[in-house]
Amino acid sequence: MIGAPRAHLPARPTWRCRRCGQPWPCGDARAALAVEYRGARPALAVYLACALADALEDLYRLGVDTSGAHAQFLGWLRARSGPAAE
């Protein structure tokens, strides 16, 4: 029997995708999160900010450079334009 494909979730403490090995959130994780949080963009931002805080703590302990962490976790969220963004 073939199991369901594993989701693109982070492997702690390295914060690499368990499925593809890319820094998390990888492209597939971003796509899945965008679908899961459709219509709840602020909740997605809060979720990712909390994950970023956890990642910074883990990566600091490992001695990993975290200078690009903010861009990796939150940089892909585009600000909306127009009245709905205000």
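## Exposure and the overall fold

A residue counts as buried when its relative accessible area is under 20%, as exposed when that area is over 50%, and as partly exposed in between. By this scale D54, with a relative accessible area of 33%, is partly exposed, whereas buried residues make up 27% of the 86 residues in the protein. The model is a predicted one, and its accessible surface comes to about 6000 Å², with 56% of that surface belonging to carbon and sulfur atoms.

The secondary structure consists of 3 helices and 2 strands, which follow one another from the N terminus in the order β-β-α-α-α. Among the contacts with a separation of 6 or more, 43% join residues that stand 24 or more positions apart.

## Salt bridges around R12

A search of the whole structure finds 3 salt bridges, and R12, D54 and D58 are linked in a network of such bridges. The side chains of R12 and D54 meet at 3.8 Å, taken from N to O. Because R12 lies in the loop between strand 1 (10-11) and strand 2 (16-17) while D54 belongs to helix 2 (residues 41-62), this pair ties together parts that are 42 residues apart in sequence.

R12 also forms a salt bridge with D58, in which the closest N and O atoms are 2.7 Å apart. This second pair likewise links distant parts of the chain, with R12 in the loop between the two strands and D58 in helix 2, 46 residues apart. In terms of exposure, R12 is partly exposed at a relative accessible area of 48%, whereas D58 counts as buried at 8% relative accessibility.

## A salt bridge within helix 2

The side chains of R61 and E57 meet in a salt bridge with an N to O distance of 2.7 Å. Both residues lie in helix 2, where they are 4 residues apart, about one turn of the helix. R61 counts as exposed at 63% relative accessibility, while its partner E57 is partly exposed at 41%.

## Cysteines without disulfides

A search of the whole structure finds 0 disulfides. For C17, the closest cysteine sulfur is that of C20, and the two sulfur atoms are 3.6 Å apart, which is too far for a bond, since a disulfide requires cysteine sulfur atoms within 2.5 Å. C17 is buried, with a relative accessible area of 5%, whereas C50 counts as partly exposed at 48% relative accessibility.

Note on methods:
Residues numbered from 1 in each chain as written. Predicted model: local features only at pLDDT ≥ 70, side-chain atom pairs only at ≥ 80, totals over all residues. Heavy atoms only, no water. Buried < 20%, exposed > 50% of the residue type's maximum accessible area, 1.4 Å probe, protein only. Contact = heavy atoms within 4.5 Å. Areas by Shrake-Rupley, 256 points an atom, 1.4 Å probe, with all protein chains shown as cover. Salt bridge = Lys/Arg side-chain N within 4 Å of Asp/Glu carboxyl O.
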